[in-house]
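Trainee: I've got a new model open and I'd like to learn how to read its features. Can you walk me through it?

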Amino acid sequence: MDAEDEATGHMIEEEEIYVNGGEDGDESKRHRPIISGEQLDIEAYAALYTGRTKISRLLFIAEKCGNASMQLDALRMAYDEIKKGENTQLFREVVAKIDGRLGPNYGPDNAWADAVDRRAELRKEKLENELNAYRTNLIKESIRMGYNDFGDFYFAHGQLGDAFKNYVRTRDYCTTSKHIVHMCLNAILVSIEMGQFTHVTSYVSKAEQSQDALDSITIAKLRCTAGLALLEGKKYKLAARKFLETGPDLGNSYTEVIAPQDVATYGGLCALASFDRAELKSKVIDNINFRNFLELVPEIRELINDFYTSHYASCLEYLGNLKANLFLDIHLHDHVETLYEQIRNKALIQYTHPFVSVDLHMMANAFNTSVSSLEKELEALITNNQIQARIDSHNKILYARHADQRNATFQRVLQTGCEFDREFLETGPDLGNSYTEVIAPQDVATYGGLCALASFDRAELKSKVIDNINFRNFLELVPEIRELINDFYTSHYASCLEYLGNLKANLLLDIHLHDHVETLYEQIRNKALIQYTHPFVSVDLHMMANAFNTSVSSLEKELEALITNNQIQARIDSHNKILYARHADQRNTTFQRVLQTGCEFDREVRSMLLRANLIKHEFNLKASRKH
Amino acid sequence: MLLEDPMQGVAPMLTAIRKLQLSSEHLTTLHPDFLLFCLLAKCYKPGLSILEDDIFDVDQPRDFFLYCYYGGMICIGQKKFSKALELLHNVVTAPMSILNAIVVEAYKKYILVSLIHVGQFSISFPKYTSSVAQRNLKNFSQPYLELANSYGAGKISELELCVQAHNEKFEFDKNLGLVKQVVSCMYKRNIQRLTQTYLTLSLQDIANTVQLNSAKEAEMHVLQMIQDGEIYATINQKDGMVRFLEDPEQYKTCEMIERIDSSIQRIMMLSRKLTDMDEQLSCDPLYLAKAGKERQRFDFDDFDSVPSSKFTI
């Protein structure tokens, strides 16, 4: 495209020291891997896109990247791009951001801005007159074109809301399905720029309804945008599926929204984070269509292959390299963390899956991490029931385990305070400060948080407290409680109990809470102890004492109490200071119970028969003299 | 009996009983006397053999009380605490309209034996105990109830204090021996509780937890308990450690199966007896009279064979 080449030629002239790519101006550049381990090559990256999205992406990079040189580079390119268009609002913003750092050529060009504005006014008037004329003549096609032109006009000038409105108005005047598809595509474009992905989804489905007007390129475009919308909605599995279904005909025809490299990246990462092995193989690795896309981003291809063939260390290394650049991507940046976490967890789960026992040292090598951090991660996965296994912390081995009959150890704790805190958690955020003659919103947070922590099990704690948006407002008022709950959930017991200790003195002064503080604290502490021991077959008491910031002997006493109350099924090896989990042998206990019941029955019935006999003879015993 | 030589009377009594009994389940007047002989002669074995028979048929209630009481004492002497508990339980819960001395003494022993055998004692009586017993028994056995309370608290020192305080009473009732057994049982129970929590424990720790004086004493106790089959453990003398093991019973042997089988047979026989008794009671005129009084006079639904007027007494 002319504008493209002009831009690159312009850059070569300037000879900016900010250029950190290689030689530019060759056609193959478009197919070179853009997202690589080195710092993002902004020019090459920007060259993938056209139109407004190019500007948005450059501005995003400028905002998010860490170093000033990259920032200025991006701003410079944005400036150039904007000057080619007619968006004076955006122009002023960029100028303000540049702040004169790029020299006089990149300063506020008011002459140009005014000229553009004047032209815009004229054009707008012209369009309006035309439109009115068409409307009086009631020629549908012309009216449609008129609104379309209006939409384009507003879009070019950055008034996205008006653009959207006008595009949507053309719907009434669409006569053929081709028109409808055209309208949908425009609406989708504007919605993506506005960031309103619900509209995207609805217009995609509307466009897909008119099957006859869809050529393969349009279908590919629609699939991409659908995938993009799902990605924004955090539905990674569905997004992956949509991206993978995108045909290779997309090519470079949709660069005002998305580049084919992005399709590969988004699709690959989402698939890796959410597909199971079979789907990964059939839909990604063996997918011929998608292979074209993957060629554009060989790191993603390597990454996926490594994962499938269980070379986790190199897979995670690729991921690490890509991470910095992915943060600069306008659509992906707030999903990077989640996707990475899911991929890592899947790698861990997949690693342990075929084994009965796994040596944690070997596993730590394979994942290029230390044994203790690996243990923490595995602990989290086991607690969330994603791996059925138990850790032998003494010998550092992971043993696969089938689900055991463990009684719910939180029964007693659940009963206390259950009703009390449920009321609190359902308090809507509207409470605010309107009930201060009884309670302050901080109290709602404190009472609710502490009671929930003392009595909920893990699943409830996550769904009703941590993921509860309403309650989050309350928790913001008392950040210690929020930190405390998060620490508890992520098993950082020492800091959680430290927070609790700090709060204690103040809580004892609270008129409602003071006589419950001790009980609640005890319950929270017990729950922490129980949760700590839950995923392990054996636990070294020294480590546990460190985690809980207490001495081994006092820990032993606490554990003894919990075991006696049947809240932990384990036994203590006091000689070596190890706690061993103990699973009730169902068969033997059943036999024991049976024999016992038999004996009791025997005894009871005999007594009963005896008594009945006595009554039957109808005796009256007179008080006889003492022997 | 008058010859002060109960030993001679044992054997003839035994034969007499066997001859007099209508069936092995029948309690004759001779039974308690025989048991008294056994007690006085201190030869318990024949007494036990008589006690093995289940009694279902009783002529005289006084015989029954005495029989159970003496039987309980014999069983205690032979350390068959479960049988003793059963017999004493029968005495305490027997139907009676007036309290008598035998029941009071039996209750005291009952408390002690249940502490020894089961490790706990519940103050509440079962539902079928006569109201007379329920109301009055407690008044007569105050020191024993206190003993039971302090046993429940689990501290040896408190228990000893209690024993000291009521020493004379216990001696007067001739129960001091039993009380001493209760105290020694306390240690055993505490050690047993430890097996639930610990896999390995040092002897010194055991001594500390159970409030014994030294590790040597603890070792003695544990050894005794292992020999009695009350716990499963191994003592490592080198480290001074005790390792608690699980019950090795796998319930897979032939003996176990036989045992279960015989239990089933017994229970089947018992339930047959129960049904018989039930049938007999239903036909008993007294019962029907009482039941008849409580029914509606004009009950059109059940026009079966019991018009209520015929049985009012």
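Mentor: Sure, starting with empty space. A cavity is a set of grid points where a 1.4 Å probe fits but cannot get out, and a volume is the space filled by probe spheres set on those points. Keep in mind that this is a predicted model.

Trainee: How many cavities of 30 Å³ or more does the structure hold, and what volume does the largest one have?

Mentor: The general idea goes like this: rolling a probe the size of a water molecule over the atoms shows where empty space is left. In this structure there are three cavities of 30 Å³ or more. The largest cavity comes to about 140 Å³. It has 15 lining residues, and those closest to its centre are A:Arg606, A:Leu610, B:Ile55, B:Leu87 and B:Asn90. Two or more lining residues come from each of α31 (586–616) of chain A and α4 and α5 of chain B.

Trainee: And which classes of residue make up the lining of the largest cavity?

Mentor: Seven are nonpolar, two polar and six charged.

Trainee: What about pockets? How much space lies in the second largest one?

Mentor: A pocket is an open set of points, whereas a cavity is one the probe cannot leave. The second largest pocket holds about 980 Å³. Its lining counts 39 residues, with A:Asn345, A:Ile349, A:Leu381, A:Asn384 and A:Gln386 closest to the centre.

Trainee: Which element gives the largest share of that pocket's lining?

Mentor: That's α18(A), with ten residues. Several elements of chain A supply at least two residues each, among them α14 (277–285), α20 (371–383) and the strands β1 (357–359) and β3 (397–400). By class, the lining of the second largest pocket splits into 16 nonpolar, 13 polar and ten charged residues.

Trainee: Let's turn to helix packing. At what angle do α13 and α15 of chain A pack?

Mentor: Generally, two packed helices are described by the angle between their axes and the distance between the axes. Here α13 (residues 260–274) and α15 (residues 288–296) of chain A pack at about 105 degrees, their axes 8 Å apart. That angle makes α13(A) roughly perpendicular to α15(A), because 65 to 115 degrees counts as roughly perpendicular. On the α13(A) side the contact involves A:Pro260, A:Gln261, A:Val263, A:Ala264, A:Gly267 and A:Gly268, which meet A:Phe290, A:Phe293, A:Leu294 and A:Leu296 of α15(A). The residues of this contact are seven nonpolar, three polar and no charged.

Trainee: How do α28 and α30 of chain A pack, by angle and axis distance?

Mentor: α28 (residues 517–533) and α30 (residues 552–564) of chain A sit at about 90 degrees, with 11 Å between their axes. So α28(A) and α30(A) are roughly perpendicular to each other. From α28(A), A:Arg525, A:Asn526, A:Leu529 and A:Ile530 meet A:Leu555, A:Glu558 and A:Leu562 in α30(A). This time the contact residues divide into four nonpolar, one polar and two charged.

Trainee: Now single residues. Is A:Ser574 buried or exposed?

Mentor: The cut-off to remember is that buried means under 20% relative accessible area. A:Ser574 has 5% relative accessibility, so it counts as buried. You'll find A:Ser574 in the loop between β5 (570–573) and β6 (578–581) of chain A. Beyond its neighbours within four places in sequence, A:Ser574 is in contact with A:Glu556 and with B:Tyr198, B:Thr200, B:Leu201 and B:Asp205.

Trainee: And A:Glu81, buried or exposed?

Mentor: A:Glu81 counts as buried because its relative accessibility is 14%. This residue belongs to helix α4 (residues 68–84) of chain A. Leaving aside neighbours within four places in sequence, its contacts are A:Gly51, A:Lys54 and A:Ile55.

Trainee: Backbone next. What is phi near at A:Ser310 and at B:Lys79?

Mentor: Phi of A:Ser310 is near 65 degrees, a positive value in a residue other than glycine. B:Lys79, also not a glycine, has a positive phi near 60 degrees. A:Ser310 lies in the loop between α16 (298–308) and α17 (312–326) of chain A, and at 37% relative accessibility it counts as partly exposed. B:Lys79 is in the loop between α4 (61–77) and α5 (81–93) of chain B, and its 52% relative accessibility makes it exposed.

Trainee: To zoom out, how many helices and strands does chain A have?

Mentor: Chain A comes to 31 helices and six strands. Of its 627 residues, 49% are buried.

Terms used: Residues are numbered from 1 along each chain as its sequence is written. Chains are lettered from A and ligands numbered from 1 in the order in which they are written. This is a predicted model: local features need pLDDT of at least 70, side-chain atom pairs count only at pLDDT 80 or more; totals for chains, interfaces and linings use all residues. Side-chain values use heavy atoms; hydrogens and water are left out. On a 1 Å grid over the protein atoms alone, a cavity is a set of points where a 1.4 Å probe fits but cannot get out, and a pocket is an open set with protein on both sides within 12 Å along at least five of seven lines; lining residues have an atom within 4 Å of a point. Helices (H or I, at least four residues) and strands (E, at least two) are DSSP runs, numbered from the N terminus. Ala, Val, Leu, Ile, Met, Phe, Trp, Tyr, Cys and Pro count as nonpolar, Asp, Glu, Lys and Arg as charged, and the others, Gly among them, as polar. Axes are lines fitted to C-alpha atoms, for helices over the stretch in contact, and angles run from 0 to 180 degrees between N-to-C directions. Angles under 35 degrees count as roughly parallel, over 145 as roughly antiparallel, 65 to 115 as roughly perpendicular and the rest as oblique. Contact means heavy atoms within 4.5 Å. Buried means under 20% relative accessible area, exposed over 50%, partly exposed in between (1.4 Å probe, protein chains only).
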